[in-house]
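Please look through the following structure and describe how its strands, helices and buried residues are arranged. A careful account in running text, with one small table, would suit a first-year student.

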Amino acid sequence: MSTPPRIHHLDCGTMCPHGLVALGLAPRDPGHLVAHCLLIEAPDGLVLVDTGYGTGDVATPRRLGPARHLLGARLDPEQTAVARVRALGLDPADVRHVLITHLDLDHAGGLGDFPNATVHLHAPELEAARARRGDAKLRYRPAHWAHGPRWAPHATGDGDPWRGFERARLLEDVGVEIALVPLPGHSAGHAGYAIDTGAGWMLHAGDAFLHPDEIASPPRRSRGLRAYHRINSDDHRLLRENAGRLGELARDHGADVDVFCSHDAVALRRRQGA
């Protein structure tokens, strides 16, 4: 890669799950959750990692279903990814690729705002979202892909290794070196994205963890976080295993790999330089 990509850290959603906090089922610090998305200025267009909530959610909140009340979603048109792209002086029509960590409503709500983009994701996630069995009816909202996205589901069984994650597969057509890193547990096909910044790597780990203490050495998890993960995980054992592996990655490669998750407001502000 000759020219390092310019990468923007975007805040594309605010959630204040006060009911869950009161029950000890969500982190209390700093009092709200964010939807941390990335916008990458690639040689052949823009690449978006997750979308947060979209303009359709703002216009019709009920399409999010009852989960929006549990999350305490604050729907602000200026926080949508499409508005964030415009605020940077860029054209949303230039978003050629959207990389989805998973299709939960707070990560995929803005897909319809980028109707011409190719949507990359881990193949098992698309299968789970289409099936919508059991509790998946709460997390996956078909209105978010009613426009008929150009799906690009990626299988990773024969993928290239990346920093000890043996089943990663490099995406070959986004103009930037990016590895899809399978991190199942939170959802059936949950994945992270490792991006070569030119000065090292960053790994957007989605909801593989919620607080940096979970990948600390040794890891620390409050009772509320443990309960939250049990309730919201497709496979809690896999989620714990992958959080442990991310902790090893942060410990052993922290000098050249920046690991962060989707909902940590403090981590987002730090990376925005605030």
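In this predicted model, the side chain of His-204 reaches the backbone oxygen of His-36 at 2.7 Å, and the side chain of His-204 also reaches the backbone nitrogen of Gly-206 at 3.2 Å. His-204 is found in strand β11, and His-204 is buried, with a relative accessible area of 0%. When residues up to four places away in sequence are not counted, His-204 touches ten listed residues, including His-36, Cys-37, Leu-38, Val-49, Asp-50, Thr-101 and Phe-260.

**The sheet of five strands**

An open sheet of five strands runs in the order β8-β9-β10-β11-β12, and its pairing is mixed. Its edges are formed by β8 (169-171) and β12 (257-260), each of which has a single partner strand, so one side of each is left without a neighbour in the sheet. From one strand to the next, the twist averages 25°. The pairing of β8 with strand β9 (residues 178-182) is antiparallel and extends over three bridges, and Leu-171 stands opposite Ile-178 in β9. Helix α9 (residues 236-253) lies across β11 (201-204) and β12, and α9 runs at about 145° to β12.

**The sheet of seven strands**

Another open sheet, also with mixed pairing, is formed by seven strands in the order β4-β1-β2-β3-β5-β6-β7. The edge strands here are β4 (73-74) and β7 (150-154), each of which pairs on one side only. Strand β3 (residues 45-49) pairs with strand β5 (residues 95-99) in the parallel sense over four bridges, and β5 in turn pairs with β6 in the parallel sense over three bridges. Four of the five residues of β5 are buried, so β5 is largely enclosed by the rest of the structure. Helix α6 (residues 123-131) lies across β6 (118-122) and β7, running at about 95° to β6.

The table lists some facing residues in these pairings.

| Residue | Residue opposite | Strand of the residue opposite |
|---|---|---|
| Val-47 | His-97 | β5 |
| Leu-48 | Val-98 | β5 |
| Leu-99 | His-120 | β6 |

**The nonpolar cores**

In soluble globular proteins, nonpolar side chains tend to be buried together. The largest nonpolar core of this model has 25 residues, of which Leu-48, Val-98, Ile-100, Leu-103, Leu-111, Phe-114 and Trp-151 touch the most other members. At least two residues of this core are supplied by each of β1 (6-15), β2 (33-42), β3, α4 (81-87), β5, β6 and α6, and the largest share, three residues, comes from α4. Leaving aside neighbours within four places in sequence, Leu-48 is in contact with several residues, among them Leu-10, Leu-38, Leu-39, Ala-81, Val-98 and Phe-114. Apart from this core lies another one, of 18 residues, among them Val-181, Ala-205, Leu-249 and Val-257.

**Arg-139 and its contacts**

Is Arg-139 buried or exposed? Arg-139 is buried, because its relative accessible area of 16% falls under the 20% limit. Arg-139 is found in helix α7 (residues 136-139), and a polar contact of 2.7 Å joins the side chain of Arg-139 to the side chain of Asp-104. Beyond its neighbours within four places in sequence, Arg-139 is in contact with Leu-103, Asp-104, Leu-105, His-186, Ser-187, Asn-232 and Asp-234.

**The cysteines**

A disulfide is a covalent bond between the sulfur atoms of two cysteines. For a pair to be counted as a disulfide, the two sulfur atoms have to lie within 2.5 Å, and by this rule the count comes to zero disulfides. Why does Cys-12 form no bond with Cys-37? The sulfur of Cys-12 is 3.9 Å from the closest cysteine sulfur, which is in Cys-37, and this is too far for a bond. For Cys-261, the closest cysteine sulfur is likewise in Cys-37, but it lies 13 Å away, which is too far for a bond. Cys-12 is buried, with a relative accessible area of 1%, and Cys-261 also counts as buried, at 1% relative accessibility.

Conventions
Residues numbered from 1 in each chain as written. Predicted model: local features only at pLDDT ≥ 70, side-chain atom pairs only at ≥ 80, totals over all residues. Heavy atoms only, no water. Buried < 20%, exposed > 50% of the residue type's maximum accessible area, 1.4 Å probe, protein only. Polar contact = N/O pair within 3.5 Å; in protein donor to acceptor, adjacent residues only side chain to side chain. Contact = heavy atoms within 4.5 Å. Pairing = 2+ DSSP bridges. Axes fitted to C-alpha atoms, helices over the stretch in contact; angles between N-to-C directions. Core = buried A, V, L, I, M, F, W, Y, C linked by side-chain atoms within 4.5 Å.
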